[in-house]
Amino acid sequence: MNKNSTSPMSNDTLDEYPEVNQNDLNRAIRRRSFVEVSKKQNITIALDSDIINWFKEKSGEKEYQSLINATLRDVIRRNP
């Protein structure tokens, strides 16, 4: 067990998983392949179908939302 964990665990239960509490979850870091990822917020937005189709053609059906996000981030960087 990590020495910084706040979950209690006795020596006679070493082969059991420790209980995870809210404090442990609050300290968790979101990572994908050892790279920290930003937290995303789900929203509902209406876009014209031709815009959605363009992004889908450029990126593939599953990655188009990431391309929209990256495009918006690029616009923000260019217009501080």
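A salt bridge is a side-chain nitrogen of Lys or Arg within 4 Å of a carboxyl oxygen of Asp or Glu. With that in hand, welcome to this predicted model, where a search of the whole structure turns up one such pair. The partners are Arg78 and Asp74, whose closest N and O atoms are 2.8 Å apart. Below is a short tour of the fold, the pair, the largest pocket and a patch on the surface.

**The overall fold**
- The protein chain holds three helices and two strands.
- Following the sequence, these elements come in the order α-β-β-α-α.
- Of the 80 residues in the protein chain, 8% are buried.

**The salt bridge**
- Side chains of opposite charge can pair when their charged atoms come close.
- Here, the 2.8 Å between the closest N and O atoms of Arg78 and Asp74 lies within the 4 Å cut-off for a salt bridge.
- Where do Arg78 and Asp74 sit relative to one another in helix α3? They are four residues apart, so about one helical turn separates them.
- Is Arg78 buried or exposed? Arg78 counts as exposed because its relative accessibility is 63%, and the cut-off for that class is over 50%.
- Its partner Asp74 is partly exposed, with a relative accessible area of 28%.

**The largest pocket**
- Rolling a probe the size of a water molecule over the atoms shows where empty space is left.
- The largest pocket has a volume of about 720 Å³.
- Its lining is made up of 20 residues, and those nearest the centre are Gln41, Ile43, Gln65, Ile68 and Asn69.
- Two elements give two or more residues each to this lining: α2, spanning 49–59, and α3, spanning 64–78.
- Which element supplies the largest share of the lining? Helix α3 does, with seven residues.
- Sorted by class, the lining of the largest pocket has nine nonpolar, six polar and five charged residues.

**Ile43 and the nonpolar patch**
- Ile43, one of the residues nearest the centre of the largest pocket, is found in the loop between β2 (35–36) and α2.
- With a relative accessible area of 63%, Ile43 is exposed.
- Ile43 also belongs to a nonpolar patch on the surface, which it forms with Ile45, Leu47 and Ile51.
- Together, these four residues have about 370 Å² of accessible area.
- Ile43 therefore meets the patch requirement of over 30% relative accessible area, given its value of 63%.

Key. Residues numbered from 1 in each chain as written. Predicted model: local features only at pLDDT ≥ 70, side-chain atom pairs only at ≥ 80, totals over all residues. Heavy atoms only, no water. 1 Å grid on protein atoms, 1.4 Å probe; cavity = no way out; pocket = protein on both sides within 12 Å on 5 of 7 lines; lining within 4 Å. Points joined across faces, edges and corners; volume = space filled by probe spheres on them. Nonpolar A, V, L, I, M, F, W, Y, C, P; charged D, E, K, R; others polar. Patch = residues over 30% accessible without salt bridge, like charges linked within 9 Å, V, L, I, M, F, W, Y side chains within 5 Å. Areas by Shrake-Rupley, 256 points an atom, 1.4 Å probe, with all protein chains shown as cover. Buried < 20%, exposed > 50% of the residue type's maximum accessible area, 1.4 Å probe, protein only.
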